[in-house]
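Ready for some practice? Take a look at the model below, then work through the exercises one step at a time.

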Amino acid sequence: KMNKGILFSGTRKNAELAREHIKNHGILYWCLSKGVNYSKYYFPIIGLLHVKKEGIRYKCTINDIMPFSTYHFDDSKKKPSSWIHEQKVEKKSYKSTLVISKITPFQYDTFSLKNWKGEPIRNAPQGGYSKIIIPDY
């Protein structure tokens with residue numbers, strides 16, 4: 001049985017803000033610009049967070065994936081206040097939300113991962129995600 005997970009991208013700054021938020025609130029809502037067919041997952045799943053120009057630097061426990069809702073930005077228990085403020089100004093377009101309960105430092109080569117079809121990952125997802133097979137580390 002394949003251990004299915006997802007690969008998504010973010011900045012080191014946002015990853016560290018997210019870790020601090022989880023420490024204080026126990027949960028974090030992380031938005032993606034791409035829709036996720038969440039019926040294909042059995043939760044919790046592992047998410048690997050790719051940091052631009054560095055590779056995978058964090059491993060996450062994802063408890064749920066849901067459609068994006070602007071209401072998620074009304075609750076400071078779900079997101080860091082700086083993200084809430086930023087969204088009010090920039091009004092970015094999102095499609096899905098990852099509900100994350102844990103983010104830990106973890107290093108892995110993004111391009112040695114394989115997708116669900118067993119093909120190598122060729123590009124880091126920018127704003128979206130890739131369906132990956134979680135390797136045996």
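Buried means under 20% relative accessible area, exposed means over 50%, and partly exposed is in between, using a 1.4 Å probe and protein chains only. Keep in mind that this is a predicted model, where local features need pLDDT of at least 70, side-chain atom pairs count only at pLDDT 80 or more, and totals for chains, interfaces and linings use all residues. Residues are numbered from 1 along each chain as its sequence is written, and side-chain values use heavy atoms, with hydrogens and water left out.

**Exercise 1.** Work out whether K92 is buried, partly exposed or exposed, and find its salt-bridge partner E86.

Solution. Start with the area: K92 has 37% relative accessibility, so it counts as partly exposed. Next, the partner: K92 forms a salt bridge (a side-chain nitrogen of Lys or Arg within 4 Å of a carboxyl oxygen of Asp or Glu) with E86, and their closest N and O atoms are 3.6 Å apart. Finally, E86 comes out at 34%, so E86 is partly exposed too.

**Exercise 2.** Classify E54 and R57, and say how far apart their closest N and O atoms are.

Solution. E54 is partly exposed because its relative accessibility is 33%. R57 has just 18%, so R57 counts as buried. Their closest N and O atoms are 3.7 Å apart in a salt bridge. Now widen the view: R12 joins E54 and R57 in a network of salt bridges.

**Exercise 3.** How many salt bridges does a search of the whole structure find?

Solution. The search gives seven. One of them pairs E20 with K23, at 3.4 Å between the closest N and O atoms.
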